[in-house]
Every structure is written in C-alpha cells, then in structure tokens.
Amino acid sequence: MSEAAFTPRIFSGIQPSGGLTLGNYLGAIKRFVAEQGKMETIYCIVDQHAITATLPEPGTLRRNTRELAAGYIASGIDPEQSILFNQSQVAEHAQLGWIFNCVARMGWMQRMTQWKDKAGKNSQNASLGLFAYPALMAADILLYHATHVPVGEDQKQHVELTRDIAAKFNHDYGVAFFPLAEPVIEGVATRVMSLRDGSKKMSKSDPSDMSRINMTDDADAIATKIRKAKTDPDALPSEAAGLEGRSEARNLVNIYAALSDRDVDSVLRDVGGKAFSEFKPMLSDLAVEKLAPISSEMARLMQQPDEIDAILSRGADRARAIAAPILARTYEIVGMVR
Ligand code: TYM
C-alpha cells in the first residue's frame, strides 16, 4: 500500500505544561487553525506527555489542560470542525504506545536530541516515560493513520522517528498498515527564539520570563518584553539577506511577519532602514492587537470549566471512533487474541 492510499489527515499535539508561549502559538496553533477545512484535523492536549519530565500537582495539570483547551479554542480551533481532545481520555494512545515501545530500539531513543537536552547529565534519574516519550508520540500520530503532522522545528526528529517506527512495524509484520507521516514545518515562525538570546528557542521552561511572550501576558508585559528584547545596534536591513548573522533581529522580524501573515521580504520593504527604537513599538502594537483578543477569550472560557470539559469529552468520543478500529487491527496483526 502506498502512502497515497491513506486519506490525508492532520494530527498534532501540545503539552499542557503551563504557560502557552508565542512560540507555541506561531509555530503550532496558528498553523493548526490555517489547516482547518483543508483536510480532517485532529488536535490533542497530550497530558500523558506532560507527566514525563516531572509529576505536576494534580490540580496544576487539570488547570493547564483546561487552559490549553481554552487556548486552542480562543485561537480559532473550532471543536466542531476539528477533533479536540485530551490524550488520557482515549486509552488507545497508551495501548498503541506499548506496542511501539517494543518496536522502537534503545539506540533510536538515545539519539533523540530532546531526550539528551531534557535528561541532561543526570539521565539515570530521568523517568522511563521521558525516555519512551517519542514512542508514545508515534502512537498519537499513527493511531489515526495521520499523514501530515504540523509542528515546530524542534519536533522534526520525533516525527522522523515516527516514520521509522511505522516502517519497522510494516516491515516486520509484512504489512503496509501504518502511513509514513510527513512533518509539516512551514512558514517564518517554525523556530521562534528567546527574546534574550537569539541562539535559544523561546520556551516555557526558560527560567527567565523576559525571554518569552506568554499568551496570557497583558499589553504592558508584552510591550516591556519587546522593548527589552536583545538586539544589535544596526538599523533593519531592506532585504532578508541582511539578517544573516543577526539572529535577534531576524527573530523579531520573523515574529512580525508571522503575526501579520506576511513574508519577511515584504515586511523589510516597509521597515528597512528603521532603528529598533522605532520598530519595537510597531511590533508590540501588532502583538497586542493580535494576542489581546485571544487572551481575553481564554480568560472568559476558563470561567466555564464545565463547558471545556464537555467539549473535550465529545472530542474524545470522536477520536476514539477512529482510534479503536486501528488499535484492534494492530492487535490482530501482532497476534493478540481478542
Ligand atoms: P510542545 O508542547 O513542546 O510544543 C507544542 C508545539 O509548539 C511548537 N513550538 C514552537 N514552535 C516554534 N517556536 C518555538 N519556540 C516553539 N516552541 C514550541 C512545537 O514544535 C510543537 O509543534 N512532543 C510534542 C507534543 C506532541 C506531539 C504529538 C506533537 C506529543 N504527541 C504528536 C505532534 C504530534 C511537544 O512536546 O510539543
């Protein structure tokens, strides 16, 4: 069976680890919204992944799960058009994840750069779940026979591993059951960088809150963070080539371009020659204009946790209807008596 035999379907997920950042929004959610209506779209709150690095307080995990659901919806994910759910409500993720733990090789997992970064020098003390995490991520994707996975650049290696797992399963059992899902890494904001250090990814785990814009930041916080963002002394160039070797300048221009749905060249045609003292207020006005409606809608939705839970529960039912037959067929292929 060739890939063309699989119905095009998008799957992606975000960890409810608290504090959705501008990186998550531009690199993931905004792009997820743009895919709606083009093909079937399934978006997940991967709460089982969110307990791999540390075990959060139960109340914190619950709150972060609902806040991420609110973030998805406030940004434009329509829970009717897309399937929106949390991972732990669909037990099939963990079930297929176990099979993939037995397909994936230790060496593959040891090569994962996120494992190396997150486990650090103290890998003996990291959880087994953190090590096995990419196999669960492969299960998330392949449980729906997803063909396209929109992600930021940092997840590319995990989607490639998903392809390796699918290929090994198909090869070992002599089937063409799982698709080789494609990572979709497009646009100017697939790697939004820290506002304090243009060589580091913007991340919710960075100890400095000044390094990131959170989706819940108010206008003052956004303006302060952009005003204090690291830059260089030169004016902005008029063409993209002029951003070469200027990672902080490039990052701010990329953010501007992504927020305004323009490409970098068209932005630079307007702002080329301007000093950062002039460009930064433009960027903070744009960020506030785009993000304030999302954060106020998130706050409004968070007042209605029952409604969020009902949406997630309906989403889980719809997800399960796709996942259950795929897991059942996987068990059959593996030889598990049902
Ligand atoms: P997570 O929760 O770390 O991030 C969610 C999404 O946001 C993107 N992202 C960024 N994009 C651009 N610039 C940044 N600074 C930035 N920071 C984060 C990530 O690339 C990602 O697309 N393992 C995944 C979650 C996951 C998943 C899946 C994704 C679990 N199962 C199945 C896709 C399909 C993760 O930890 O993402």
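Here are some questions and answers on the ligand shell and the salt bridges of this predicted model.

Me: Which residues come nearest to the ligand?
Reply: Happy to start there. The ligand has 26 residues around it. Those that come nearest are Gln15, Tyr133, Asp140, Asp154 and Val192.

Me: How far is a nitrogen atom of the ligand from an N or O atom in the side chain of Tyr133?
Reply: Let's take the polar distances in turn. An oxygen atom of the ligand sits 3.2 Å from a side-chain N or O atom of Asn24, and a polar side-chain atom of Asp140 is 2.7 Å from a ligand nitrogen. For the side chain of Tyr133, the distance from an N or O atom to a nitrogen atom of the ligand is 2.5 Å.

Me: How much of the area that the ligand exposes when taken alone does the protein bury?
Reply: Good one to ask. On its own, the ligand exposes 710 Å². The share of this area buried by the protein is 97%.

Me: Which elements give two or more residues to the shell around the ligand?
Reply: The shell residues divide into 12 nonpolar, 10 polar and 4 charged. The elements that give two or more of them are strand S1 (9–14), helix H1 (22–35) and helix H6 (128–142).

Me: How many residues apart in sequence are the parts that Arg9 and Glu40 tie together?
Reply: The side chains of these two meet in a salt bridge, with N to O at 2.9 Å. Arg9 belongs to strand S1 and Glu40 to strand S2 (residues 40–45), so the parts tied together are apart in sequence by 31 residues.

Me: Is Arg9 buried or exposed?
Reply: The cut-off for buried is under 20% relative accessible area. Arg9 has 15% relative accessibility, so Arg9 counts as buried.

Me: Which helices does the pair of Arg66 and Asp309 tie together?
Reply: A salt bridge joins the two side chains at 2.8 Å, N to O. Arg66 is partly exposed at 24% relative accessibility, and Asp309 is partly exposed at 28%. The pair ties together parts 243 residues apart in sequence. Those parts are helix H2 (residues 58–75) and helix H12 (residues 305–334).

Me: Which residues do salt bridges that share partners join into one network?
Reply: A search of the whole structure turns up 21 salt bridges. One of them pairs Glu182 with Arg163 at 3.8 Å, N to O, linking strand S5 (residues 182–184) with helix H7 (residues 156–173). As for the network, shared partners join Asp209, Arg212, Asp217 and Lys225.

Methods: Residues numbered from 1 in each chain as written. Predicted model: local features only at pLDDT ≥ 70, side-chain atom pairs only at ≥ 80, totals over all residues. Heavy atoms only, no water. Near = heavy atom within 4 Å. Polar contact = N/O pair within 3.5 Å; in protein donor to acceptor, adjacent residues only side chain to side chain. Areas by Shrake-Rupley, 256 points an atom, 1.4 Å probe, with all protein chains shown as cover. Helix = DSSP H or I, 4+ residues; strand = E, 2+ residues; numbered from the N terminus. Nonpolar A, V, L, I, M, F, W, Y, C, P; charged D, E, K, R; others polar. Salt bridge = Lys/Arg side-chain N within 4 Å of Asp/Glu carboxyl O. Buried < 20%, exposed > 50% of the residue type's maximum accessible area, 1.4 Å probe, protein only.
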